[in-house]
Amino acid sequence: MSIRSEQGIAAVGTVVMLMVVLSVLVTALWQYGMFQITAAGRNQAYLQATYLAHAGAEAARTAWLDKTADEKLEGPLARVYYSEAGGFQLDRPEQFLGYIDVMIETIEGAQAEYPRTRIVSTAHVSGISRTLSLTTFPQVYGHQDELNLYDRNSGRISGTNQYIDRYLIIEPGLENAELHFNPAIRSQSARFSARAVAFEKSIDFAQGGTASAWLVISGALRLPVAKTLVVEAEYVFFKDITLLYAEPSVDPLAPPAQYSLVLRIPAGRGQEIGGQRYGEVYFDGGSVAKKQFVWSRGPGILDYMLTGSGYEPEEIHTYEGVPLAGNAFYFRDGTDLLNPGPGQLIPIPDEKQKRNEAFKDLFIWE
Amino acid sequence: MGGFWTDESGLTLLEVVVALVLISLITTAFVPMIAASVKFINRAWERYQYYTEARSQMEIQMAKAAQGVAVGRSAKFPIKPESESGPPVMVDGVTIEVGEEGKLVVFIPNKVNK
């Protein structure tokens, strides 16, 4: 059949063919347009969900960091909705952009001593979900073999470490294993050195009043009994602290004794205040005290025993009279908590406390 | 019946008219679809551009917030374990919103926190 055929149906047939071809093309174009507009809508929801998930993870991280070790958040958090009128809220509003579900979980590593914390934040917008995760680096504990700063079971201080640019956790493992010195050694000094050091258990150098030292003959030489834990860090977090001291006055031959904590700042770190370098220390416990011990005669003629006096612990204050417990301070390099000197501890106003700075590199995005 | 190129017989006026009418009808029917498709494609492209720009604006705002520059508006983000019934912990921070239609929203906790 030719296009020039006098049979008119030929022209109609050609038109019908054109119509089919045109239909296919236009349908394809229509489908493409619809696909593009749908994809753009999904892209919009995906981006909105991404930033909402980011919001959930950031807020959960802040809340997690602001809690002390015993109160750390774990498990699923309540769903949070976002609406333009009400902002972020727990109650479901009538109209909302999307909602966020956050889960905080502990991941046990290959070795049980190296747990990580993971914050998984999932946001939902218009049927599109987006999940973001924040995970801690494996946390560094002072009792780990490579540091071996103390015995995890007994809490006995055993070593010193070179500075590590990490967040170091001091956590004796057993219930009553407060950090303490070896009673068999007359004088001992140890240094824990890291960017930030967090004591997740109390320090009790008096060991509940049972700490003791026994000097044979050497007591007569009046060499002081000095045990010092140096914490060298930009940021230090403590719970309860009990230090120990003994005056020689009870016996002219007995030496002085001090079981103390000294705060140092790593070289090149800290902030300058009045030409001096300062770090930040947070006393999060309910007590920062010192307990007086006394020397008593041992079984030998020149033996002396250092024992709990029965005196109540005395709360420690700054030189200027501010109690340490429950407060935060800028500390000057070399501050001895047993006897803080003038200007060594400067209270940090609430609005300037920067706990999160200590942990800024603790979490990584996944 | 001659070949396609050699057949000298033409089309009748009626055939031509019918063909033209059909073509007009088809074209008329398809024009709105084509126009709508082109409109969709253009709109999708505009939205891609819009969100690419919004995203880069958001990243700039977030970078500023990370450096302590005041951006966004003050906001609180409630955090409460699902298993607890007490009031939530309110995390202080700022909400950054970017865009007009289909806003991008993020929450940045305050850098300074107790």
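Here is a short conversation about a predicted model, looking at how chain B meets chain A and how its sheet is arranged.

Visitor: How many residues does each chain bring to the contact?

Guide: Both chains take part, and residues count as in contact when their C-beta atoms, placed from the backbone, lie within 7 Å. Chain B gives 50 residues and chain A gives 54 residues.

Visitor: Which element supplies the largest share of the side of chain B that touches chain A?

Guide: Helix H1 (13-66), strand E1 (73-79), strand E2 (89-98) and strand E3 (104-109) of chain B each supply at least two residues of that side. In kind, the residues of that side divide into 33 nonpolar, eight polar and nine charged. The largest share, 21 residues, comes from H1(B).

Visitor: Why is one side of E1 and of E3 of chain B left without a neighbour in the sheet?

Guide: The three strands form an open, antiparallel sheet in the order E1-E2-E3 (chain B). E1 and E3 of chain B therefore each have one side free, because they stand at the edges with a single partner strand.

Visitor: What is the bridge partner of Glu97(B) in E3(B)?

Guide: E2(B) and E3(B) run antiparallel and are joined by six bridges. In E3(B), Glu97(B) has as its bridge partner Val105(B).

Visitor: What angle does the direction of H1(B) make with that of E2(B)?

Guide: Within the sheet, the twist from one strand to the next averages 45°. H1(B) packs on this sheet and touches E2 and E3 of chain B. The direction of H1(B) makes with that of E2(B) an angle of about 140°.

Definitions and conventions
Residues numbered from 1 in each chain as written. Chains lettered and ligands numbered in written order. Predicted model: local features only at pLDDT ≥ 70, side-chain atom pairs only at ≥ 80, totals over all residues. Contact = placed C-beta atoms within 7 Å. Helix = DSSP H or I, 4+ residues; strand = E, 2+ residues; numbered from the N terminus. Nonpolar A, V, L, I, M, F, W, Y, C, P; charged D, E, K, R; others polar. Pairing = 2+ DSSP bridges. Axes fitted to C-alpha atoms, helices over the stretch in contact; angles between N-to-C directions.
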